[in-house]
Amino acid sequence: MSDKPPIHTSLKTLSISILLFVLLIGLWEFAVRYLQVPAFIVPAPSSMFRALYQGIASGLYVEHVGVTLIEILAGFAIGSSLGLLLGVGIATNRYMAYFLYPYVVVFQSLPKVAIAPLIVLWFGLGITSKIVAGALICFFAVMVNTIAGLRAVEQDRVDLIRSLGGSDFQVFWMLRLPSAMPFIMAGLEIALTFAMIGVIVAEFLGAERGLGMLMQSMNFSMDVAGSFSILVVLAALGLVLNRIIIFARHRLIYWEQPAGARGSEPPDTH
Amino acid sequence: MPVANVGDLAPPGQGTGQGTGQGISPSAITVNAVTKRFRVGNDAITALEEVSLDVRRGEFVAIVGPSGCGKSTLLKILTGLFAPSAGDTRIGGTVTTGPRRDIGVVFQSPLLFPWRTVLENVMLPADVQKLNRATHLTRAKELLDLVGLTDFKDRYPKELSGGMQQRVAIARALLHQPAILLMDEPFGALDAMTRERMNVELQRLWRIHNTSILFITHSIPEAVFLASRVVVMTPRPGRVAEILDINLPAKRPLELMNSPEFGAYVARIRSHFGSVGVID
């Protein structure tokens, strides 16, 4: 851990951040114009923002964002629930661990993007194939973290509840599950990114609607500024979803203060 | 599996019968010729051999011994988490056959649950044993008052120092009015100054609360300072070398540690470890 004090957001640091952003965009604009980079290789930021504005104003992006968002959320919800259930099962039941875990490991060593074409073939061009792809790619992260979290409990704490006459279920509910929450939330954070990847890749491969499909069609028509503008939309979408998860994390794991916000320990006055 | 109820009037064990006026005073703990062997690969390791001791009701007994003498194994057998290979243990007169509900345990580390406030941590035994919430909430607050942490009841453990956390752990161990308080090197992780202060506090708590305490430690002065009897154990296999009565006043100030009587007890206990080569 670093001993350097955290940088606080102030008017000064904020204006430096904005200045840096404007400078970078300006540099990009200047480089594209000055070096006469063709618009179908790298567009100028001005044309990218124009495409973004037109896409949003015409309502085109809104429709496709809606479809992609639903696919991501559904894939994430299904994949995470599956990962959580299987993780709990494998961590708490020896037989499930022994018989199921090998399959899970083999499945995970497979690059799942490689089965995306099959998923599209099996589940069609609609949203189902996108949800399945998203769920399949994200479930493992949640499962592995759930297992690790449930197992990372000190034996002494288990003994403490046992010495009071507590049951297996009480050990799970009062100790293992809350102890695993930081792990599970970290898994969910990764899973969300993975669900997004699964959905977009499946949309590339064949979809009727969605941001991935839109981007693919722009690529075919050499509308690179349009493609870039979709990237901006995707980045914004990812950022918002990630913020929501982090917010939920702080709410659920209220006892873990973020680093840097820790108060000093009170002196032992007794 | 029979589990003793907290309120049960336990039948008297083959106790030491020292009670005056109230007939037989049953032992709080009886350890009867307990042997424990573990299998490690093809080898059998004897952790405890024929260990016998007792703790009378309201008595403070310390077990002192170097690491490897089976102190912690004995503690796990007393809590019912391990079964002995031979012999048996009784608490309040009932033989332990599995985890029981009438024991309070304080471990070396406080083992507080970070998601529970100090008060909620003290309430843990009531939650596990589904005891009446209202009465135990009152009791939890009284116990926090007793260990001087009333002002910290709504704080989270990470906001507390190590000594304060261990005091919360002691209050938690007493919540369900256990027949016996088992303490497994409870102050081993604290710095020397805090440790001495905790010793004085524990002594006060014991005098006020009149709990039967079995206190495991590897510090000889700590054992002599706190206990009315000290059980000296030697390692490999863990055996009872001597059970020593400490004839010092019940109320012991820290300065007592400098007295010749205190020093004599410490030297006597230490001689056991010297003769078995634990201390050279």
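What follows is a walk through a predicted model of two chains, A and B.

Confidence is a good place to start. The model as a whole scores ipTM 0.79 and pTM 0.79. Chain A has a mean pLDDT of 87, with 94% of its residues reaching 70 or more. For chain B the average is 81, and 89% of the residues score at least 70. Within chain B, the lowest confidence is found in helix H8 of chain B (residues 260-275), with a mean of 81, while the highest is found in helix H2 of chain B (residues 118-122), with 94. Each chain also has a stretch to treat with care. In chain A, residues 258-270 stay under a pLDDT of 50, and the model gives this stretch 11 contacts beyond four places in sequence. In chain B, residues 1-24 stay under 50 as well, with 42 contacts beyond four places in sequence. Where pLDDT is low, the predicted coordinates should not be read in detail.

Now for chain A itself. Chain A has 10 helices and 0 strands, so its pattern along the sequence is simply α-α-α-α-α-α-α-α-α-α. As for overall dimensions, the C-alpha atoms of chain A fill a box of roughly 75 × 60 × 30 Å along the principal axes. The radius of gyration of chain A is 24 Å, whereas a compact globule of 270 residues would come out near 18 Å.

The domain assignment splits chain A into domain 1 (16-36 + 43-54) and domain 2 (59-252). The C-alpha centres of these two domains of chain A are 34 Å apart. Where the two meet, domain 1 of chain A puts in 5 residues and domain 2 of chain A puts in 6 residues. On the domain 1 side of that contact in chain A, 4 residues are nonpolar, 1 is polar and none is charged.

One helix pair in chain A can be followed residue by residue. How do H8(A) and helix H10 of chain A (residues 224-252) pack, in terms of angle and axis distance? The angle is about 170°, and the axes are 10 Å apart. Angles over 145 degrees count as roughly antiparallel, and H8(A) and H10(A) are therefore roughly antiparallel to each other. From H8(A), the residues taking part are A:Met181, A:Met185, A:Leu188, A:Glu189, A:Leu192, A:Thr193 and A:Met196. They meet A:Gly238, A:Leu241, A:Asn242, A:Ile245, A:Arg249 and A:Leu252 of H10(A). Sorted by type, the residues of this contact between H8(A) and H10(A) come to 8 nonpolar, 3 polar and 2 charged.

Chain B, too, is divided in two: domain 1 (16-102 + 183-191 + 199-280) and domain 2 (109-178). The C-alpha centres of the two domains of chain B lie 25 Å apart. Their contact brings together 8 residues of domain 1 of chain B and 8 residues of domain 2 of chain B. The domain 1 side of this contact in chain B holds 5 nonpolar, 1 polar and 2 charged residues.

That leaves the place where the chains meet. Here, 19 residues of chain A are in contact with 24 residues of chain B. On the chain A side, the elements giving two or more residues are helix H7 (155-163) and helix H8 (168-205) of chain A. Which of the elements of chain A gives the largest share of the side that touches chain B? That is H7(A), with 7 residues. By type, the chain A side that touches chain B consists of 7 nonpolar, 6 polar and 6 charged residues. H8(A) thus turns up in two settings, on the side of chain A that touches chain B and in the packing with H10(A).

Notes:
Residues numbered from 1 in each chain as written. Chains lettered and ligands numbered in written order. Predicted model: local features only at pLDDT ≥ 70, side-chain atom pairs only at ≥ 80, totals over all residues. Contact = placed C-beta atoms within 7 Å. Helix = DSSP H or I, 4+ residues; strand = E, 2+ residues; numbered from the N terminus. Nonpolar A, V, L, I, M, F, W, Y, C, P; charged D, E, K, R; others polar. Domains from an automatic or database assignment. pLDDT = per-residue confidence, 0-100. Axes fitted to C-alpha atoms, helices over the stretch in contact; angles between N-to-C directions. Parallel < 35°, antiparallel > 145°, perpendicular 65-115°, else oblique. Rg over C-alpha atoms; globule rule 2.2 N^0.38 Å.
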